[in-house]
Amino acid sequence: MPAPPTAAANAQPHAALALRGAHVVTMDPLRTLIDADVLVGADGRVAALAEPASNVSADQSIDVSGHVVVPGLVQAHIHLCQTLFRGLAEEQTLLEWLRERIWPLEAAHDPASLHASASLGIADLLLGGTTAILDMGTVHHTDAVFEAAAESGIRYTGGKALMDAGDGVPSGLLEPTAQALRDNDRLADRWHGSHDGRLRYAYSPRFVLTATHDLLRSIGARARANSLLVHTHASEQREETDIVRQRFGVTNIRLLANLGLADINACFAHCVWPEPEEFDVLASGGATVVHCPSCNMKLGSGVAPIAEYLDRGVNVALGADGAASNNRLDAFEEIRLAGLLSRFRDGPPGVSAQQLFEMATIAGARALGLDADIGSIEVGKYADLCVLDLQRAHVVGPEDVYTQLVYSARASDVRHVLVGGRILVQDGRLLAFSESDAVAAAAKQREALLKRAGIT
Ligand SMILES: [Zn+2]
């Protein structure tokens with residue numbers, strides 16, 4: 001067993017919290033695997049990885065012997081506003097799905113239904129080990145999503161969807177450019193960096209087909225000036241990329257680059273259909289590709305060329321997308337499917353299990369611009385942690401831990417989840433807020449939402 005790579009036990013005489021007896025998958029730059037006690041300071045950051053069975057005292061100790069501790073999982077493409085739409089938009093292609101179901105439902109949201117939708121999604125995410133997300137809101141009532149995120153304890157980056165153009169966009173979502181930008185700026189001022197930096201704002205133009213070039217250019221300029229993240233969809237389906245090329249005479253990702261959105265910190269969800277020259281656009285800029293394997297299969301979008309992105313040096317993260325197109329928000333399922341799809345598309349060996357787990361941890365943190373603070377278990381980083389019981393019938397075997405985590409582990413193996421040292425899930429039970437209250441509120445708000453949307 002290698003020596004702990006960090007401070008010795010006696011460097012931290014007292015901890016706020018100790019996870020004792022852990023097998024730690026650190027995801028640090030050396031990808032160190034170590035048996036250690038994880039000590040968390042009062043500031044919510046990892047204070048030390050101490051020798052196992054250290055005598056360091058702690059305000060609170062949790063025995064995690066026999067368990068595996070991994071960095072809290074990061075999902076870089078989520079729509080919490082769509083959690084209430086689960087099962088309401090089946091068997092449609094992307095553009096039909098948006099125009100006939102998703103947009104009318106989003107337009108029917110009010111603050112209460114949006115809060116319920118967000119809380120329900122966050123409960124599912126936390127129970128499955130996801131501690132940080134990049135979320136795309138809908139157009140209105142975005143404060144309600146931030147309020148739900150603030151109450152829940154999850155590490156949240158999100159923003160209102162910007163939609164100032166587009167075919168089939170309902171009047172309830174379409175905004176004049178100036179109004180969209182005004183609300184966007186107000187929200188960024190109010191929420192970015194709040195709750196000790198746990199909540200952050202991301203500029204979120206929905207996609208090229210529902211944004212004017214003026215809007216996209218303005219967002220690029222703001223992102224540069226304010227060092228904020230840009231979050232959008234790109235090249236999800238063939239029909240979409242064909243329309244972009246016909247309408248603008250240029251390919252989708254190239255157009256985003258021409259408008260100043262590819263050489264900054266940006267997350268492009270899907271990127272299933274890149275043109276050959278667009279790999280270079282992505283590799284030379286700052287954009288992350290967010291792979292959403294379940295959603296891509298369910299909407300029949302295709303299989304993104306993940307191995308090629310990784311080979312070309314593009315940062316690749318993972319996301320479940322939304323409950324309307326998945327229908328789960330389970331990071332472990334996305335990791336596993338990313339591996340299976342890689343083999344399905346390109347044959348073995350495909351993307352390695354370690355690379356797949358990186359996509360859900362340190363690469364996800366990089367996507368959010370948070371890799372100095374989360375994404376690996378290292379002294380000084382936030383104690384955003386997920387503790388798994390892998391001594392289960394569907395997991396045990398002679399495999400390496402990455403193979404276990406990627407191909408065998410399930411969300412139901414998650415025992416404890418911490419964000420910034422705060423225990424949000426313990427023994428598989430949500431502590432952050434009441435799961436049953438969230439389920440009840442969601443049922444009530446869903447019924448009211450369907451009535452407002454005229455759906456029976
Ligand atoms: Zn999406």
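# Exercises on a predicted two-domain chain

With 456 residues, a compact globule would have a radius of gyration near 23 Å, and the chain agrees with this at 21 Å. Here the radius of gyration is taken over C-alpha atoms, and the globule rule is 2.2 Å times the number of residues to the power 0.38. The model is predicted: local features need pLDDT of at least 70, side-chain atom pairs count only at pLDDT 80 or more, and totals for chains, interfaces and linings use all residues. Residues are numbered from 1 along each chain as its sequence is written.

## Exercise 1: the whole chain

Task: Find how many helices and strands the chain has, and what share of its residues is buried.

Solution.

Step 1. Count the elements: there are 15 helices and 18 strands. Helices (H or I, at least four residues) and strands (E, at least two) are DSSP runs, numbered from the N terminus.

Step 2. Look at burial. A residue is buried if 20 or more other C-beta atoms lie within 10 Å of its own, exposed if 12 or fewer, and partly exposed in between, with C-beta atoms placed from the backbone. Of the 456 residues, 57% are buried.

Step 3. Turn to contacts, meaning pairs whose C-beta atoms, placed from the backbone, lie within 7 Å. Among contacts with a separation of 6 or more, 74% join residues 24 or more positions apart.

Step 4. Add the outline: along the principal axes, the C-alpha atoms fill a box of roughly 65 × 45 × 45 Å.

## Exercise 2: two domains and a core

Task: Work out which elements of domain 1 touch domain 2, and where the largest nonpolar core lies.

Solution.

Step 1. Set the bounds: domain 1 covers 9–71 + 381–430, and domain 2 covers 73–367. Such bounds come from an automatic or database domain assignment.

Step 2. Examine the meeting of the domains. Their C-alpha centres lie 29 Å apart, and 21 residues of domain 1 are in contact with 24 residues of domain 2. On the domain 1 side, helix H14 (401–408), strand S16 (414–419) and strand S17 (422–426) each supply at least two residues. H14 gives the most, with 5 residues.

Step 3. Sort that side of domain 1 by class: 15 residues are nonpolar, 2 polar and 4 charged. In this scheme Ala, Val, Leu, Ile, Met, Phe, Trp, Tyr, Cys and Pro count as nonpolar, Asp, Glu, Lys and Arg as charged, and the others, Gly among them, as polar.

Step 4. Find the core. A nonpolar core is a set of buried Ala, Val, Leu, Ile, Met, Phe, Trp, Tyr and Cys residues joined through C-beta atoms within 7 Å. The largest one has 158 residues, and Val38, Val69, Leu126 and Val290 have the most contacts inside it. Helix H2 (residues 111–127) gives the most to this core, with 9 residues. Both domain 1 and domain 2 give residues to the core, so it lies between them.

Step 5. Zoom in on Val290. Not counting residues up to four places away in sequence, Val290 touches several residues, including His77, Cys267, Phe268 and Leu318.

## Exercise 3: the two sides of helix H6

Task: Decide which residues of helix H6 are buried and which exposed residues sit on the face turned away from them.

Solution.

Step 1. List the buried residues of H6 (residues 238–248): Glu240, Thr241 and Val244.

Step 2. Look down the axis of H6. The buried residues fall within an arc of 95°, so they line one face of the helix. The arc is that of the directions from the helix axis to the C-beta atoms.

Step 3. Check the partners: the buried residues of H6 pack against helix H1 (94–107) and helix H7 (252–258).

Step 4. Turn to the face away from the buried side, which carries the exposed residues Asp242 and Gln246. After H6 comes Gly249, with a positive phi near 70°.

## Exercise 4: unusual backbone spots

Task: Tell whether Ser227 is buried or exposed, and whether Asp321 is buried or exposed.

Solution.

Step 1. Take Ser227, in the loop between helix H5 (213–226) and strand S11 (229–234). Ser227 is not a glycine, yet its phi is positive, about 55°. Ser227 counts as exposed because it has 11 C-beta neighbours inside 10 Å.

Step 2. Take Asp321, in the loop between S14 and H11. Asp321 also is not a glycine, and its phi is positive at about 65°. With 27 C-beta neighbours inside 10 Å, Asp321 counts as buried.

Step 3. Look for cis peptide bonds. One joins Asn326 and Asn327, with omega about 10°. Another runs from Pro348 to Pro349, with omega near 5°.

Notes
Two residues are in contact if their C-beta atoms, placed from the backbone, lie within 7 Å.
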